[in-house]
Amino acid sequence: MTLLTRGLTRRRVLQTGMAGIIGTGVAPMMFTKGAWAQEFCNNPTGDTVTFGLNLPLTGTYAEEGADEQKAYELAIAHLNGEGDGGLLNVLAPSALKGNGILGKKVVYVSSDSQTKSDVARAGATRMIERDGAIMITGGSSSGEAIAVQGLCQEMGVIFMAGLTHSNDTTGKDKRRYGFRHFFNAYQSGIGLAPVLGQSYGNDRRAYHLTADYTWGWTQEESIKAATEALGWETVAAVRTPLGATDYSQYLTPILNSGADVLILNHYGLDMVNSLTQAVQFGMRDRQANGKDFQIVTPLISELMAKGAGESVKGIFGTSNWHWNLQDPGSIAFTKSFGAAYGSPPSQAAHTAYVQALLYADACERAGTFYPPEVIKALEGHEFDGMGNGKTLYRAEDHQCIKSVLVVQGNESPTSEYDVLNVVQEIDRETVAYDPSIFGGDLGPAEPAPMCA
Amino acid sequence: MPTTFMSRNDLLLFLGFTIVVLAMPIWLAPFGAGYPDLLQRFMIYGIFAVGFNILFGLTGYLSFGHAAFFGVGSYTAVWSFKLLTLDAIPAMVFAVIVSALFALVIGFLCLRRSGIYFSILTLAFAQMSYNLAYSVLTPITNGETGLQLTLNDPRVLDAAIGQTFVGQPVPTLFGQQLSGYAGFYFCAGFLILAFFFAQRITGSPFGMMLKSIKSNQTRMQFTGFNTRPYALSAFVISGMYAGLAGALLAVTDPLAGAERMQWTASGEVVLMTILGGVGTLVGPVIGAWIIKYFENILSALNDNILARFWSFLPDGMADFMVTVTSKFVGDGWHLTLGLLFVIIVIFLPGGIMEGVRRIAAAVRRSGTPAAKTQTQPAE
Amino acid sequence: MFEVIFLQFLNGLDKGAAYALIALGLTLVFGTLGVVNFAHGALFMLGAFCAVTVRMFLTMETVTIDPTKLSPWGSPLEVREPLVQAWLGDFGAVLVNYSVPFSILITIPIMLLVGIALERGIIKHFYKRPHAEQILVTFGLAIVAQEVIKSIFGPNPIPQPMPTDLRGAADIGAFLGMQANVITYPLWRLIYFVFSAVVIAGVFAFLQFTTFGMVVRAGMADRETVGLLGINIDRRFTVMFGLAAVVAGMAGVMYTPLLPPNYHLGMDFLVLSFVVVVVGGMGSLPGAVAAGFLLGILQSFASMTQVKAIVPGIDQIIIYLVAVVILLVRPRGLLGRRGVMES
């Protein structure tokens, strides 16, 4: 965390010198391959190892970003053997010793991504080049995650995605250096559809409002497919810009469109605004086609439910995790987070915390920070105890396969954080799917490209 | 000395500028800015600001939509990487051509109006480009996620010469990767070239014509002179500079996102130019460097670093200073920028360069009387 | 189909009300002082945060920590006791419930002071400077204002609930004697529309029917002559700046229940309000109001799926497209005077 640059490494001098060779056209790309096989981007040589936290501290997903930051700070404290150890005690199998990673103390740098892909990428570059981050993690938007994991592939730095729910993150745009613990829109569809069918019947007409970017598109597609399989009809699917604030012009056409369900493919502030405004439009008191009008929010978190207040009561959605789960891992995490910050953790905080631990564990198991080895340690790794039951880091697409929660807005909350009820836990066999359906190509792990 | 290629002062300025730029990795290192990503951004936004100044500084037309050309340059470059070849040169050539065409169309329409109407027109065009890039043009721009290179891009030229690439594709120059310091020197070369051309334009009869548009367009028109082709040329040239800068940003980091077209990005280049000094050659570059330095360095200062900085003070005092100063750095760096900007506009309308001139004049006055009298260039 | 179009029209009026109100204040400043005020959006944002502050005071709580009990997430249980209700009983509860309309009373003097201080402190030195410099200094001020708010209130929006009685939708269709439950519209948005109509009418009446307004109008037409008549026109213009700040602030307060305010609120409206002003014609008050409603209605209709099916993406660009067309076809805007702001 110092402002002064670290001394010139041998490689850095070499790279500077190589600038002079440009133009001769002879500088071979693989110039450094053989001689530097074990030298890689930001190989930690001192007694610390640096995580780069790329967090949306302003913008549409700012609230998630702030919660993630708390979780990372907690995870890093636990990895260094401070605090009550949190999930270190319940992760199984675990190679973590509570003395940092491979004996090196974990420190971090952070960058505000402003919920913008372009800015997120610039921040990640900065943390890799200036601060020597060995691993980049965080993010609360799939756009950010996809942009940053592309960069990390180029740089040869592992990216442990934070909150990203688009199918593309581990589908069409998957990368060898990118890993995702969070679930995805396809799994939301599989989990949510049966519950919707039971509660609202199989004869419904749905109207989608969708955030206009990768996550929104894939969620719309997945939920559409899942509900149409139930027998629902899709009246219209309207795209709204990410970060739009006034949704009224998109809400008025719904009133007399013949739809009786509104599906909000929004997240963060977008969801808080669109849901609150939809309720202001009286949608939850309406009748349409002789049925009660319903609103569904396929992906919802406690933070958003809290922001939407009254409006969220009784509304169905899915979550990756909830602090009220009663397994030892969830209890341990909720307890240490609550003790540290006075509020229960959100699903964003949970996924961030777990990702930090999983990376550290993989390094310990690999016995090195060398990314290709760490990647091997993560691929196909099966673990338990982190609050989602038995979990597999699938090798084919770097997607965690684990159980998914269907949640509903709490009708009678006992506290301001008690806003969602877990309706059903869908086991991981049900939400597993064939990784090839989304295409994409992980790309190579080796040779690790060199960063500056 | 109209017969010589460059006056002695111009030549000195150019050489000095070149040396300062090329030596940046060395002299910026003590300031914590000697790492390639930031150095590349210094170069890229320097080009952007120099180009912007050709329009705003010389003709006085305040465009609030230059980020659109920057963005178009980036998108064109990335598409060239995807479709043709990973080599940087074709990408940059295409980017400059496409942004020139784009600037020609927009400039032709916007220059029918002047004053704030011109500003709002450019703003409207840029916002339209941004909003479209973000929404319906997604097949071309990949929307919010940004356009990226993938393993299975066609890259027909690379394929034709049988060049294969291992790993994530990145832009190259004749097979040499352009990341890190190589990327910096590549960009620095272009900044120096850009500066050279701007210097030539400013000193040329064409530059004189542009300046006279600024000082009195009506009088020019009364003399039967059609100023619009000149203003349009300046607009297109500065659009090309923006496109070049956008392409370079895509070369050093091959992702083109829509955010770089938003009006705030256009506002940023205005801030850079004003901060450094409108109408001067070096000013806009300095403004760009200061803003990018603030954005990257000031924003990274946190309470720990501040606590260390103030540790020489007694405890209570140090805590107080940390609390106060932390409002101005880290997340609050925009506040510092805003204050600095307000102060500059109020007290130094000519920007930092005016400050430098005033100090130089004061020093000269107090020292030995100079042999030659200072002549201000006629505006 | 009628109800669809009617609703969309209503929505346009509602959106237009916000645009018109902001553009009105902007035009007041430009028309009187000749200053292009990029900090006007910031004044709107400051007004919204007046409401936030008032509510913060009204909802102050005493927090006692009960160490014997634990919350479900393991930290000691906090027992919260609202203060205002404890002091003022039922009246306190009503006050909290109606905090947003109530804050207007407090916002008016605050914004008046802010406006006058701004004009006396900084803007007045820029009357003779070029428009470009006015834009730049006010833009800088806008950045400073939003960053100060950010460092006080944080980056996240702070929801301001509307009074419980005014929540939900009103059945306008039934009110007009049509079929029930077809044309419904959120009550607060209707209130916002009526509110802005009243404010706009008030400003016009003030300028039209009071001596003060008459002098100001005279000053707008010919500042020097009015000055030569021995009238202190500068002081009146300062008051006008304060008035513009009050209009912006009130618009901000009433907007908070529709959109939880955050520090960036002003910038979000800034570009839009300038487009509205330019479309209406720089310096023309009726122009600003007309353009506000026109653009609101156009934006609302452009967002319909039927319209988007014909011209994809039109909802994203309609406002700018209209601005470009108007400026190219009718350079002075809808109702602008000739020769304003052309150099």
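**Entry 1: the parallel sheet of chain A**

I started with helix 3 of chain A, residues 117-129, and found that this helix lies across strand 1, strand 2 and strand 3 (135-138) of chain A, running at about 170 degrees to strand 1 of chain A. I then looked up helix 11 of chain A, residues 347-366, which packs on the sheet by touching strand 1, strand 3 and strand 4 (158-161) of chain A, and whose direction makes about 160 degrees with that of strand 3 of chain A. I note here that the model is predicted.

I next traced the sheet itself, an open one of five strands in chain A with the order 2-1-3-4-5 and parallel pairing. Strand 2 (105-112) and strand 5 (178-180) of chain A stand at the edges with a single partner strand each, so one side of each has no neighbour in the sheet. From one strand to the next I read an average twist of 25 degrees.

For the pairing of strand 1 (residues 48-55) with strand 2 of chain A, I found a parallel run joined by eight bridges. Within that pairing I looked up A:Leu53, whose bridge partner in strand 2 of chain A is A:Ser110.

**Entry 2: the mixed sheet of chain A**

I turned to another open sheet of chain A, in which seven strands follow the order 7-6-8-11-12-16-17 with mixed pairing. I asked myself which strands stand at the edges here. They are strand 7 and strand 17 (420-426) of chain A, and since each has a single partner strand, one side of each is left without a neighbour in the sheet. With direction ignored, I read that neighbouring strands of this sheet are turned by 20 degrees against each other on average.

At the strand 17 edge, I found six bridges joining strand 16 (residues 404-409) of chain A to strand 17 of chain A, the two running antiparallel. I also noted that A:Gln408 stands opposite A:Asn421 in strand 17 of chain A. Helix 6 of chain A, residues 214-230, packs on this sheet and touches strand 6 (205-211), strand 7, strand 8 (261-265) and strand 11 (294-299) of chain A, with a direction at about 165 degrees to that of strand 6 of chain A.

**Entry 3: the domains of chain A**

I looked up the domain assignment of chain A, which gives domain 1 as 48-183 + 324-402 + 434-438 and domain 2 as 186-319. Taken over C-alpha atoms, the centres of domain 1 and domain 2 of chain A are separated by 29 Å. I found 18 residues of domain 1 of chain A in contact with 20 residues of domain 2 of chain A. On the domain 1 side of this contact, the elements giving two or more residues are helix 2, helix 4 (142-155) and helix 11 of chain A. By class, I noted four nonpolar, 10 polar and four charged residues on that side.

**Entry 4: where chain A meets chain C**

I then moved to the contact between chains, where 33 residues of chain A meet 31 residues of chain C. At least two residues each on the chain A side come from helix 2 (62-79), strand 7 (233-240), helix 7 (248-255), helix 8 (268-280) and helix 10 (328-341) of chain A. Which of the elements gives the most to this side? I found that helix 7 of chain A does, with six residues. By class, the side of chain A that touches chain C has 13 nonpolar, 16 polar and four charged residues.

**Entry 5: chain B**

I counted up the secondary structure of chain B, which comes to 17 helices and four strands. Along its principal axes, the C-alpha trace of chain B spans about 70 × 70 × 40 Å. I compared the radius of gyration of chain B, 22 Å, with the value near 21 Å for a compact globule of 379 residues, and the two agree.

I picked out helix 12 (residues 263-276) and helix 17 (residues 351-366) of chain B, which pack at an angle of about 5 degrees with their axes 2 Å apart. That angle makes helix 12 of chain B roughly parallel to helix 17 of chain B. The contact is made by B:Ile274, B:Leu275 and B:Gly276 of helix 12 and by B:Gly351, B:Ile352 and B:Met353 of helix 17 of chain B. I noted that the residues of this contact divide into four nonpolar, two polar and no charged.

**Entry 6: a hairpin in chain C**

I finished with strand 1 (residues 61-70) and strand 2 (residues 76-82) of chain C, which run antiparallel and are joined by seven bridges. In this pairing C:Asp66 stands opposite C:Leu77 in strand 2 of chain C. The two strands form a hairpin with five residues between them, and in the turn I found C:Gly74 with a positive phi of about 95 degrees.

Key
Residues are numbered from 1 along each chain as its sequence is written. Chains are lettered from A and ligands numbered from 1 in the order in which they are written. This is a predicted model: local features need pLDDT of at least 70, side-chain atom pairs count only at pLDDT 80 or more; totals for chains, interfaces and linings use all residues. Two strands pair if DSSP finds at least two bridges between them. Axes are lines fitted to C-alpha atoms, for helices over the stretch in contact, and angles run from 0 to 180 degrees between N-to-C directions. Two residues are in contact if their C-beta atoms, placed from the backbone, lie within 7 Å. Angles under 35 degrees count as roughly parallel, over 145 as roughly antiparallel, 65 to 115 as roughly perpendicular and the rest as oblique. Ala, Val, Leu, Ile, Met, Phe, Trp, Tyr, Cys and Pro count as nonpolar, Asp, Glu, Lys and Arg as charged, and the others, Gly among them, as polar. Domain bounds come from an automatic or database domain assignment. The radius of gyration is taken over C-alpha atoms; the globule rule is 2.2 Å times the number of residues to the power 0.38.
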